[in-house]
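Open the model in your viewer and follow the stops below in order. Each stop says what to select and what is found there.

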Amino acid sequence: ASNFVIGELDGGLSGRVERFVADMPPLTRATASANVFGFLWSKQISITVLFTTGITPLTMSDCLETAEFQTLFGTLAAEGIALADEYGVTLEDLDDFRPGLYRRGEVRQALAITAEHYRPMLKQHSGLYRDLVVRKRKSEADGTIGCAIRLGAARGHSMPAHRAVLDMIAEIEQGRRGVSAD
């Protein structure tokens with residue numbers, strides 16, 4: 001099960017946060033954190049990798065384990081991690097996402113953890129894939145991957161892998177390209 005992390009945007013741990021954490025157990029497991037931005041940025045980087053699996057017909061786990069794609073996934077993670085560093089954010093381990101493994105260049109191990117996390121799940125394709133292929137609608141990629149690109153531009157980072165993935169998603173949304181493993 002995913003961990004629901006609650007914190008104040010200023011990094012404090014208020015009574016309000018503690019009350020939320022205490023009230024959550026009937027719904028989900030929750031923890032308080034003084035570094036909620038570290039979890040948010042980790043989620044942002046993780047979702048970029050998972051969204052990228054959605055431009056292929058492969059399941060998330062199969063795509064993450066495909067050697068031809070692992071360099072791209074590692075590059076996407078590296079761009080996101082560099083951007084978090086630029087903004088002074090300390091990334092946190094979150095569910096299946098292990099930023100330390102990516103930092104050490106252990107991309108295959110990091111991706112294997114994510115693949116194993118998603119393998120038993122009922123939904124084997126990312127939400128992006130379901131938006132593009134099943135629902136045939138515009139995705140939220142501009143609000144996630146596009147957000148990282150805009151934050152990067154504000155600090156002089158071009159984010160070329162992010163841009164390439166976002167461009168491919170836009171082409172699929174516009175019907176100019178299909179979902180493909182090529």
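How far apart should the ends of α2 be at 1.5 Å a residue, and how far apart are they? This is a predicted model, and α2 is the place to begin. Select α2, residues 36-53. Its 18 residues should span 26 Å at 1.5 Å a residue, and the C-alpha atoms at its ends are 26 Å apart, so the expected and modelled values agree.

Keep α2 selected and colour by accessibility. Of its 18 residues, 15 are buried, so α2 is largely enclosed by the rest of the structure.

**The largest nonpolar core**

Next, show the side chains of Phe73, Tyr102 and Ile145. These have the most contacts inside the largest nonpolar core, which has 39 residues. Which helices supply at least two residues each to this core? They are α2, α3 (60-64), α4 (67-86), α5 (99-103), α6 (107-118), α7 (127-134), α8 (141-154) and α9 (160-173). The largest share, seven residues, comes from α4.

Centre the view on Phe73. Leaving out residues up to four places away in sequence, Phe73 touches Val49, Thr52, Thr53, Cys63, Leu64, Tyr102 and Leu111. Apart from the largest core lies another, of five residues, including Ile6, Val17, Val21 and Ala30. In soluble globular proteins, nonpolar side chains tend to be buried together.

**Helix α4**

Now select α4. This helix has 20 residues and reaches 29 Å from its first C-alpha to its last, close to the 28 Å expected at 1.5 Å a residue. Its buried residues are Phe69, Gln70, Phe73, Gly74, Leu76, Ala77, Glu79, Gly80, Ile81, Leu83 and Ala84. Reading along that list, recall that an α-helix has 3.6 residues a turn, so residues three or four places apart point the same way. What covers the buried residues of α4? The cover includes α2, α3, α5, α6, α8 and α9. Step past the end of the helix to Gly88, which follows α4 and has a positive phi, near 75°.

**The pockets**

Turn on a surface and go to the largest pocket, with a volume of about 300 Å³. Its lining has 16 residues, and those nearest its centre are Asn3, Val5, Lys43, Leu94 and Asp95. Two or more lining residues come from each of β1 (4-6), α2 and α6. Of these, α2 gives the most, with five residues. The lining of this pocket is made up of nine nonpolar, four polar and three charged residues.

The second largest pocket holds about 180 Å³ of space. To display its lining, select Lys43, Ile47, Leu50, Phe51, Met60, Tyr118, Met121, Lys123, His125, Ser126, Gly127 and Arg130. Lys43 is among the lining residues of the largest pocket and is listed here too. Both α2 and α7 supply at least two residues of this lining, and α2 gives the most, with four residues. By class there are six nonpolar, three polar and three charged residues.

**The cavities**

Now clip through the interior. How many cavities of 30 Å³ or more are there? The count is two.

The largest cavity has about 50 Å³ of space. Select Ser46, Val49, Leu50, Leu64, Asp96, Phe97, Tyr102, Leu111 and Thr114 to see its lining. Here α2 and α6 give two or more residues each, and α2 gives the most, with three. The lining divides into six nonpolar, two polar and one charged.

The second largest cavity has about 40 Å³ of space. Its lining consists of Trp41, Gln44, Ile45, Thr48, Gly80, Leu83, Ala148, Met159 and His162. Both α2 and α4 supply at least two of these residues, with the largest share, four residues, coming from α2. Five lining residues are nonpolar, four are polar and none is charged.

**Last stop: Leu122**

Select Leu122, in the loop between α6 and α7. Is Leu122 buried or exposed? Its relative accessible area is 83%, and exposed means over 50%, so Leu122 is exposed. Finally, draw a distance from Leu122 back to Phe73: the two are 49 residues apart in sequence and 23 Å apart in space, C-alpha to C-alpha.

Definitions and conventions:
Residues are numbered from 1 along each chain as its sequence is written. This is a predicted model: local features need pLDDT of at least 70, side-chain atom pairs count only at pLDDT 80 or more; totals for chains, interfaces and linings use all residues. Side-chain values use heavy atoms; hydrogens and water are left out. A nonpolar core is a set of buried Ala, Val, Leu, Ile, Met, Phe, Trp, Tyr and Cys residues joined through side-chain atoms within 4.5 Å. Buried means under 20% relative accessible area, exposed over 50%, partly exposed in between (1.4 Å probe, protein chains only). Contact means heavy atoms within 4.5 Å. The expected span of a helix is 1.5 Å times one less than its number of residues. On a 1 Å grid over the protein atoms alone, a cavity is a set of points where a 1.4 Å probe fits but cannot get out, and a pocket is an open set with protein on both sides within 12 Å along at least five of seven lines; lining residues have an atom within 4 Å of a point. Grid points are joined across faces, edges and corners, and a volume is the space filled by probe spheres set on the points. Ala, Val, Leu, Ile, Met, Phe, Trp, Tyr, Cys and Pro count as nonpolar, Asp, Glu, Lys and Arg as charged, and the others, Gly among them, as polar.
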